[in-house]
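Biologist: I'd like to learn how to read burial, salt bridges, strand pairing and cores from a model. Can we go through one together?

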Amino acid sequence: MKQNDERRAGRDETRPAEDERWMRQALRLARQAEAAGEVPVGALIVDADGAVLGEGWNRPIASHDPTAHAEIIALRQAAAAAGNYRLPGATLYVTLEPCVMCAGAIVHARIARLVFGSRDLRFGGVRTKFRLADSDLLNHQVEVCEGVLAADCVALLEQFFRARR
């Protein structure tokens, strides 16, 4: 038992560095959305062993699909890669707080952990407007970590919207 606690503690010590590394990858994906004229949001899902299962960036305009958010695209890829619609032990990294639709999908997929950069003051479904991901009313609660590279995530969004005004 003590050995497991020590292993868990060791993972916790490396977690901030890992979170930043994966969030940088999510930011790279967000820049792909920006280059395509989409709101710059990027997401990726990493399994417990550190392998990327799925990734995505916002594509609702190009795909004519209101559900084509970065998280949904990453969830679809990850589920296909895992051969299962459930992704226990996986962590989802996303540059912007998920909306209600995405938060629901994250819970349904049984994602273990959600890490996001900036809050979404208009549509946030995890912290800002609702608390769906870790609600006691649901049968699965996701561990939530917010604010990882938040300044970079906010700057990318602000730059995108400033260029359009």
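Biologist: Let's start with Arg15: how does its relative accessible area of 27% place it?
Modeller: Burial means under 20% relative accessible area and exposure means over 50%, so Arg15, at 27%, counts as partly exposed. Bear in mind that this is a predicted model.

Biologist: What does Arg15 form a salt bridge with?
Modeller: Look for a side-chain nitrogen of Lys or Arg within 4 Å of a carboxyl oxygen of Asp or Glu. For Arg15 the partner is Glu143, and their closest N and O atoms are 3.0 Å apart. This pair ties together distant parts of the chain: Arg15 belongs to helix α1 (residues 2-35) and Glu143 to strand β5, 128 residues apart. Glu143 is partly exposed too, at 40% relative accessible area.

Biologist: Which residue of helix α1 is about one helical turn from Arg24?
Modeller: That's Glu20: the two are separated by about one helical turn because they sit four residues apart in α1. They form a salt bridge, with 3.9 Å between the closest N and O atoms. As for burial, Arg24 is partly exposed at 40% relative accessibility, and Glu20 is partly exposed at 34%.

Biologist: Back to Glu143: which arginine side chain meets Glu143 at 3.3 Å, N to O?
Modeller: Arg113 does, in another salt bridge. Again distant parts of the chain are linked, with Glu143 in strand β5 and Arg113 in strand β4, 30 residues apart. Arg113 is buried, at a relative accessible area of 5%.

Biologist: And which residues do salt bridges with shared partners join into one network?
Modeller: Arg119, Arg127, Arg131, Asp134 and Glu146. For the whole structure, the salt bridge count is eight.

Biologist: Where is Arg127 placed, and is Arg127 buried or exposed?
Modeller: Arg127 lies in the loop between β4 (113-118) and β5 (143-146). Its relative accessible area is 14%, so it counts as buried. Setting aside residues up to four places away in sequence, Arg127 touches Glu97, Phe116, Arg119, Asp134, Val144 and Glu146. Three of the names there, Arg119, Asp134 and Glu146, also turn up in the salt-bridge network.

Biologist: How do I read the strands, then? Which strands does β4 run parallel to?
Modeller: Check the bridges on either pairing. Strand β3 (residues 91-96) and β4 are parallel and joined by five bridges; Thr91 has Arg113 in β4 as its bridge partner. β4 and β5 are parallel as well, with four bridges joining them, and here Val115 stands opposite Cys145 in β5.

Biologist: How many residues of β4 are buried?
Modeller: Six of its six, so β4 is mostly covered.

Biologist: What unit do β3, helix α4 and β4 make?
Modeller: To read the handedness, point the strands away from you and follow the path from the first strand over the helix to the second; clockwise means right-handed. β3, α4 (residues 100-108) and β4 make a right-handed β-α-β unit.

Biologist: How many residues does the largest nonpolar core have?
Modeller: It has 28, and the residues with the most contacts inside it are Ile45, Leu75, Leu87, Leu92, Ile111 and Leu114. At least two residues of this core come from each of β1 (42-46), α3 (70-82), β3, α4 and β4. α3 gives the largest share, five residues.

Biologist: What is Leu114 in contact with?
Modeller: Leaving out neighbours within four places in sequence, Leu114 contacts Leu92, Val94, Pro98, Ile106, Val126, Val142, Glu143, Val144 and Cys145. A separate core, apart from the largest one, has 16 residues, including Met23, Ala33, Leu44 and Val46.

Biologist: One last residue to practise on: where is Arg76 found, and what does Arg76 touch?
Modeller: Arg76 is in helix α3. Not counting residues up to four places away in sequence, Arg76 touches Asp65 and Thr67. At 47% relative accessible area, Arg76 is partly exposed, because exposure would take over 50%. If you'd like a distance to try in your viewer, take Arg76 and Val39: C-alpha to C-alpha they are 20 Å apart in space, and in sequence 37 residues apart.

Key: Residues are numbered from 1 along each chain as its sequence is written. This is a predicted model: local features need pLDDT of at least 70, side-chain atom pairs count only at pLDDT 80 or more; totals for chains, interfaces and linings use all residues. Side-chain values use heavy atoms; hydrogens and water are left out. Buried means under 20% relative accessible area, exposed over 50%, partly exposed in between (1.4 Å probe, protein chains only). Contact means heavy atoms within 4.5 Å. Two strands pair if DSSP finds at least two bridges between them. A nonpolar core is a set of buried Ala, Val, Leu, Ile, Met, Phe, Trp, Tyr and Cys residues joined through side-chain atoms within 4.5 Å.
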